[in-house]
Every structure is written in structure tokens, then in C-alpha cells.
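Colleague: Could you pick one part of this model and take me through it closely? I'd like to know what surrounds it and how it sits against its neighbours.

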Amino acid sequence: MNELFVNLMIFVPLIGAIGCLLPKNNPALSKMIAMVTAIVVLLINVALAVAFYSQAGGHGYLPSGGDTVVQFITDKVWIGSVNIHYLVGVDGLSMPLLLLTSILNVLIIAAGWNVEKHTKAFMALYLVLMFGMYGVFLALDFFLFYVFFEVSLLPMYFLIGIWGGPRKEYAAIKFFIYTLVGSICLLMVMLGFYFLVPDVATGAAVVDGKTSFNMIALASDTGLQHAFSHGGEYWNYAKWFFVLLFISFAIKVPAVPFHTWLPDAHVEAPTPISMILAGVLLKMGGYALMRISYPIFPDAAKWAWFGVAMVGVVSIVYGAFCAMAQTDWKKLVAYSSVSHMGYVILGLAVLTEAGRNGAYFQMIGHGISSAMMFFLVGVVYERAHHRDLNRFGGLWNTMPSYTGLAAVGFFAGLGLPLLCGFPGEILSLMGTFGSISWIEAAPEWVPFAGSGAGVTVITLGIFAASGVILTAGYILWMFQRVYLGPAKPEYTYSGRDMVNTREYFVMAVLALFAILLGVWPAVVLDMIANTFNAIYAPFTSLTTTASAALGF
Amino acid sequence: MPVGMSWSEVLTLLPELCLLVAICVALIAPVLPPLRAMFRASHAPLTALAIIALLAAIISAVALLTGSAGLTLPDHSVLGGMVVVDHFALSVKIIIYIFTLLVIVLWSSVTRSQVRLTDGPDYLSLVLSGALGMSLMASATNFLMVFLAIEAASFPSYALAGFNKQTYRSSEASLKYVLIGAVASALMLYGLSMLYGYYGTLDLVAVAQRVAAEGMSVGLLMGVFGLLIGIGFKLSAVPIHFWCPDVFEGASIEITTFLSVASKAGAIALLVRIMMTLGHFSSGEHARQILLGIGTFVGLVGVVTATWGNLAAYFQTNVKRLLAYSSIAHAGYMIMLAGLLTASMNNMQPTEVAYALLFYLIVYAFMNLGAFAVASVVAKESSSESLDEFAGLGQRNIFLAVAMGCFLLSLFGMPLTGGFWGKVRFGFQMWNEGMWWLVVALIINTVFSLYFYLKPIIIMVWKQPTSSRVLSVAPAMYGVIGIALLGVFATGILPDPATAWAKNNSRMVFMMDLPPVDAQATLPSGDPVIASKENVAEAGQ
């Protein structure tokens, strides 16, 4: 039953997409079909989550061991000649992101309720995008994952390109080409696996002498782990693969210097698409790093820790400065995404338990806060028809209830304690400082191992922490320019132009989650704990000392 | 060896005989007084004849392949060592025939009405004889036959390129094609004559054995060079590709389709057979060095061709020229793969390479057919082949726009389409043979190609249409496009059946029956001509 639910989550959106296309000249019906589809998937997802976490043996990882660490698995041979399986299942790593996706889907379809241009096609493409997103989070076969990664790309291209702003074509093709270069890096790693794995794997990573693309098997195969470890047979390959995978996923995240597609895409995309792009699509990159790069290449991850951490820190600081310089409201929010996703990269790079938890929480928290920020911008943009920060002012007076919700959204983005932006950032920073101990004790081939670790990590940490202040700077400055000050008559809305119930609903739900996650971060951290312990077993020896030092 | 031909040997050429009969009927019947009126009244009877002949050819080829209806595959070359009918040849032939059939359907629903009734027989007999030449290319195992097959495929192509007699462009295309073709043939013939002068034989297997035994020779170099020119011309390899965009632009669209797929299928099959035979018999270290050189050179030609095609396509505004450069690029990928056949033999699995190629041919036929078919509909509607005519196609006929998008993305190599598996298999084989630089070239080229495959999609989706009229399409056309779409996705989502078919049908005769010849055993003694005569005898037995 639950296995069926997993498959339904992937394919119901696809059926919904076809359903959306059927009614002729009835956009309202298409919207209803899309909404019903999203709600059905949300319900399935909640049922699945309940079933998942009520399983005996803890959160998902079955105690019987072996490679059945993931629940509700469907495993069917898809392309036998190269041993590719249709392998889907749920674990703690995917469940919170799935829930985030499902919740956002409902809200985003509500947010897109007023799309008037080709409504039918919009809804259908959005549902195809849903198909791709669920596929990415549920796929456990490397190749299947890649296919869904690509599938999510095409509808996005059209959604930006058809419903976007004045420079939509440029933005769409830039998005497409950047992401595609990333997937080609991914493809190269897959090609490498296909040829290298059979020579060294000793466990489930090889079936009938051919590589199995089962990601769980790849990560747990001891022969493979040994070959990919430092000094192992494929140590050089491991480094290359790690770098290629990192490029591929850093483009998606996006991290500096691969981020330039993001501001363009966000500025041109319509509001609902900006929301899903920031809310879920960016998380695919972080999720993929956690699912593929780190578990399969633990030693390469140690080898690369400094480079990855640098990318994270630079993203945080550079993104924040860029955001500060913007006069386009939406571009400001877009750069804030670059900055916030930097904490995900940094938290992962330092290989401590706190850092990992922070990285994951930041993805969920940012999913809520960025979607909300983009929606808040969209609400005003639809009425004012411009996004120039210097021309706004006094919305506090003319739109008081909206401003109240906006305050929640933007302060969540700012990282105010008790809102969803805070736990992720603080855990990520704690994890960074906590990494000193393992780096000091690390063997020589790890960068800055030995006595240099303290200074390096503290420097990185200080720069990253300065991001918090910069974020406060640009968000508060923006808030001041838009919402505070004397009321301007041109931003007074009445009658049909007033913020409507549908918009209040979307904002209120997002605000609710922003507060919930801020007050009770453990809800997410508990969901991932067991899975993280299992997947990141290679790093546990590092993290115990680190978290002990922090008392974490 | 005396040329003794048994009845069963003749039957192995049944597919070609079907075509031959149809060609004769098409040429003679319309001038016979009793039938004249019928053929003057409409194109239908002749079209039906061509379709029946092609169906018969397909059926007999399938029967040969499966060994049903009393037909069996010979385990040696036939026609006195001229041609060989094996799984690989028959598979390529089936692809060519099916494709020719679809081209005729395309013709009858797009351009047939513009062809004068008196020209119908000429047209159909030219198409069929082109197909005949191409299928002989897939079978040739003697360099004389290679030359004849290439010419037999080329001459009808020249005439077909210029078949739109009224248009200046078409005549220009035809003339260009003839001139470059003549130069290519002359160079090939020159190379082959050197080959013959040195080895005293034109038999492919005999030459391969001599190469294995003796290693490098001037004759071999000249011969290979000439052959590459001749085959490269058919494949539009750089630097003898110049005819391709012009001919594709000038010829009517179904001929362009025909030339871009069927002709290239025959030529690549020929190249693969030659390379594979050379590679198969080389056992000595010395021979390997030479073959490594040849393979690397062929691979390099492929890389240059693909890169050139992809880069030149950037600047095209005519849809046929764009697709022409795309087909040059795809020919480049196939040539790259052919290079593997001799370049690496340490863990050589020739059948693997051959089946990767067969699979690619199937996919390539579908996606190219589809792209050209949509292009032909749009071009016919607006009587212009400019890319701008695609503006707003999504609003005028959503099916055509979606289908074109799928074909272009498949040509690019998007996952879930056949083109992706074609390229991935190529990548697998190249990596497997240790030719990592080919993999890198393939990937870089794929990235290059993205932009110009996206260009028509962008125009279809975002440009405002010049006319708001709904594009109407003939049912037969929908059929052709539908088949192509089905093929692209069937090979993309579930590639296993096509892979299995390609795998089962990529065997070649010499691999089944002739063990690799020991290098020492065939070392020539004394006069090379005498020695080679012995070799011919050996090979023929």
C-alpha cells in the first residue's frame, strides 16, 4: 500500500497534467484539476509520512540492516542492458523535502490562480514539474535520479520562458544551459561508475558483473568505499567524481561562481514560478549533495572540505553584498537565496553533525521563507507594476495586515530567532566552529590538518557569521524603504485591488510554518536524525568529538 | 576461383532483386501503349508499385534475417566474393528500405502534386535505384563493389537533387553535388587502384589479411585515403561536406530526408565493415600500430566533422541548412565510433560497437525523419524555408510544435528520447575502448549543439506567428510524424527491445566463420601478386 503511495506521488501529477489539458476553453476547470491533484498528492504524502515514522525500528532505517535501509521500495528493472532500475523509496533524507514540496505545491497553485495567459498550459506544465520534483526526491537509482533531474528542467524552461517578464527568453535559455552543463557533469560521473565499479565493488553495487546504479548500494559497498578512499585504487577518480558532482549540484543550488543564472531567472519568472524555484528546485542541489556526493565519497569530501567551505562562505558573503546593492526588489530576494543557500554548502562542507543538520534545516527553512518572500514581492508587484525599491514607501500605513505578514516573512529570511531562518544558520555556523577538532586530528592530506586548523576554521566562521549581519542589513534596509515612512497615495489600494483572501491564505500558511519551524526545529531534525546517522556513518568518528566539544 | 552461383546465393539478394524489378517496371511500363493512359492519369499506380516493391524487399530481408520461408543466410560472400549478406548488412538494409518507404509516403503527401505526371516514373525509379545502391553499400566486401555501390547510390542522388527543374537552387545544388562527387570518386578510384597495384587483390578480407601480415605499405595508405574520401563524401565528412548544406537546401525536402538518413546509413555501414575487417584480422603488434593510426585518424575526422557541423549550425537561418549541419554533426559522431573499430583492440568487442551503431541508426532515422517532415509541412504552407516561418507554431498547430520540439531535443540527446541512448551508448563504447578523448569530444559537441537545437524551439514558442491560420496537415503526414515520434520515445523510454534487436543483428560473416588469421601463416613468399592470388583463393573457400 505504502509502496503504491510512493509511486502515486510520482505519477499522479503526470495524470493531473494530462487532465489539465483535456478541458477545452475552460481554464477554471484546469485550475481546479491542478489544485485537486496537488491536494491529493499532499494527502498521500502526509499518509506516507505517518506510516514512515510510525514504523517499528525508528525513523525509517530498518534494524534488519543490509541494504534495505530505505522504506517503501519499488524495484523494477527498467533498462536491463545497462542494469538501470526503476527504484524508488523514502527515507529520512527525502521525507521532509517531500513534505515541503507538497505543501508548497498547494500554495503555489493557489498563488498562480490569477494566471490568465494560457492557464491550461501553465497548470499542465506545473504538474509536469511536480512529477520531476517528486521523482528527484524519491529516486534511489542514480540514473533514474538523473532522468528526473532533467525532466524537472524542461517545464521550468517553458514556465519562465512563456509566462516571464520582458527578458524571459534570455533568462530561460540561460537557466537551461547552466543546468544542462550541470547534468552533463552528472552524466560523466555515471559513465565513470559504469566502467569502474565492477572492478572493485564487492557488495550490492554490482549485479551480474554490471554496475548497479542503486545509490544506496553504491554508498554502502565496502569494496567500492575502499577503492574510493584515500590511497585506494580509485582515489584519483574519487576526487574527480566529487568535483564533477559538486559542480553539477552547485549550479543547481546555486553557489558562487555558478549562480548568475538565478537572479535572471527569478527576476523574469512569474511569482508562482519564483516561489517553486527558490522553494524546491534549489533544494535539489543540496539534496543531491547529501544523497550522492557525501555518502559515496567520504574521503574525497574530507579532501575537498576547504574548497567546498570556501564556496559556501563566498556565496554567503558575496550574495549578501549583491543583495544589498539591488534596487530591484525581486533581485534582492534572489541574491538573498544565493546567500542563504551558502549556509547549506558550508554546513555540509565541514562534516560535523551540527553542520549537516544545519544544512538540512536551512534547506527546509529557506524553502518556506524564500517562497514567502517571493510571494510578498509578487503581491505588491501585481498592484504597483514595478519593483523599484526606491519608489516604494509607507506600505505599513496603506496595507497594514499585509505588512504584518510581510514582517514575519522577511524576518524569517533575516534569520530572526524563533523563525524558520534561524536554526539552520546557527547550526551551520556551530558546525563550522565545531569542525576544528577533527581537522586538527586529520591526516596530512586533508587541507589545513594539524595546527593550522583553528585559525582557518575560525576565519571561515567569522566571515560566514558576518553574513548574518549583512543579511540583517539588506533586509532591514529594504523593509525600511518599502514598508516604513509616510504613506504614498499611489500605493493605496481599495476595492478589487485590496489584498484578497486567496493571497492572505497563502501568506498566512507560510507564516504559520515559518513560526512553527522556528519555535520547534526539532520536528525536522528528528525526522532526519536516524537516516543521517546511517548515511553518514563514515563521518561519525569525526563528529562525535566535534559535537562533544560543543555539547551538542 | 570460378564464379559459381547457386540458386540459394541468388535468393540472398532477394531484397535487391525486388527493387530491381520495380525499377524496370517503373521505367518500361509507362511507355507501353496499353498502360500509358493509366500512368499518365495519376501518380498513384507507380507510388503503389514502389511501396509494394519496398514492402516485398523488407519482408524478404526480414525472412532472410530470421531464416524463415526457406531462406537462409549464407556463411560466406556471394557473387564471387563481391557482396556478403550477413546480419549486419540485412539490418542496415531493413533500416534503409523502411526509411525509403516513409520517404515515398512523405513525397506523396507533400511534393507529389508539384511533380509533373511524366516525371513520376523517373522520380520513383531514381529513388529506388538510390536505395538499391545504398543497400549494396551495406553488403559490399570487395573494393570494386564498394566503388560500384557508392556510384550506384550517388548517381540517382545527383539527379534527385536537381529534380526541381524549375528552380535555380535545385539545379545549382545538383551541379555542386556532381562536381564534388566526381572529384571524390576520382580520388577514391585512384586510391583503390594503388591498393590493387600493391596487393593484387580488391577483396576486403584478403587485403585485411595481407595488412595483418605485412604491416604498413604505401598502397594501404593510398587506398585507405581514397576510401575515406569516397565514403566521407557520402557521409559529408569534413572537409568534403560542402555539398551537404547546398544540396539539402536546394533539393526538395523528402530527398533531403532520404539523403540525410538512408544514404548515410549505407555509407556508415560500409565504413564499419571495412574498419572492422581490417581490425579483425590484425593480430601482429606491427599491424596494430598501423591500425591504431588509421583508427585515430578516422576518429579525428569524426571529431572535426561533428565540431564543424555543430559550430556552423549556429549561424543558419534556413531550417533545411540547420538540419543539414545537424546531420553533418551526427555523421561525425558515427565516424568517431567507427574509428574505435581499429583504434583499440586490447579489449576489443567489435560487435558491441556495431550494435551501438545500429541502434544509433534506428534512432537517427526516426528523429531526422520527424524533424524533416515537420519542416516540410511548415515550408510547404509558407513556401519559405526560413526559420522565421516556425514563429508561433505552437499556436497554429500544437501537435507539430510539440513533435518538432521532441525531435530536436532527441537530436540533441535529451534523456527519455532515443537520441540520448544513442549518444550514451557511443560514450560507453568509447570509454570502454579507452578512447577518452572521443568521449570528451562527444560531450563538448553535445553542449555546443544545445543552442541551435533550442533556437527553433524558442522561435516556435515565443515569436508571434506571421499568420494566424491553423496549419492543416494531411493524414499521411500525421502518420509519418506519429511513427517518428513513437520511435523516438519507444527507443528513449524503453530502449531494451531496440537494443536487443540491434545486438542480435549486428553479426558479420567474417566474425562467425573465419578465425583470426595467424600473422605468420599468410606471410607472402616472393612476388606479392602471386601471394595475393593465393589469399583470394583462401578467402573465397
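Modeller: One cut-off first: two residues are in contact if their C-beta atoms, placed from the backbone, lie within 7 Å. Keep in mind too that this is a predicted model.

I'd go for α6 of chain A, residues 153–163. A bit of setting before we zoom in. Chain A has 24 helices and 4 strands, and its C-alpha trace spans about 70 × 55 × 45 Å along the principal axes. Its radius of gyration is 23 Å, which agrees with the value near 24 Å for a compact globule of 552 residues. Buried residues account for 61% of the chain. Of the contacts between residues at least 6 apart in sequence, 77% link residues at least 24 apart.

Now the helix. Is α6(A) mostly covered or mostly open? Mostly covered: 9 of its 11 residues are buried. Those are A:L153, the run from A:P155 through A:G161, and A:W163. What does the covering? From chain A, the cover includes α4, α5 (142–151), α7 (168–200), α11 (261–268) and α12 (271–296). There's also a piece from the other chain, as α19 of chain B is part of the cover.

Take α4(A), residues 119–138, as the neighbour to look at closely. Its axis comes within 9 Å of that of α6(A), and the two cross at roughly 150°. An angle over 145 degrees counts as roughly antiparallel, so that is how α4(A) runs relative to α6(A). The crossing is left-handed. On the α4(A) side, the residues that meet α6(A) are A:F122, A:L125, A:Y126, A:V128, A:L129 and A:G132. A useful reminder for reading that list: an α-helix has 3.6 residues a turn, so residues three or four places apart point the same way. From α6(A), the partners are A:P155, A:M156, A:F158, A:L159 and A:W163. By class, this contact has 10 nonpolar residues, 1 polar and no charged.

Back to chain B, since α19(B) helps cover our helix. Between the chains, 18 residues of B are in contact with 20 of A. On the B side, α18 (418–432), α19 (436–462) and α21 (496–504) each supply at least two residues. The biggest contributor there is α19(B), with 8 residues. That side of chain B is made up of 13 nonpolar, 4 polar and 1 charged residues.

Key:
Residues are numbered from 1 along each chain as its sequence is written. Chains are lettered from A and ligands numbered from 1 in the order in which they are written. This is a predicted model: local features need pLDDT of at least 70, side-chain atom pairs count only at pLDDT 80 or more; totals for chains, interfaces and linings use all residues. The radius of gyration is taken over C-alpha atoms; the globule rule is 2.2 Å times the number of residues to the power 0.38. A residue is buried if 20 or more other C-beta atoms lie within 10 Å of its own, exposed if 12 or fewer, and partly exposed in between; C-beta atoms are placed from the backbone. Ala, Val, Leu, Ile, Met, Phe, Trp, Tyr, Cys and Pro count as nonpolar, Asp, Glu, Lys and Arg as charged, and the others, Gly among them, as polar. Axes are lines fitted to C-alpha atoms, for helices over the stretch in contact, and angles run from 0 to 180 degrees between N-to-C directions. Angles under 35 degrees count as roughly parallel, over 145 as roughly antiparallel, 65 to 115 as roughly perpendicular and the rest as oblique. A crossing is left-handed if the near helix is turned anticlockwise from the far one by less than a right angle, and right-handed if clockwise.
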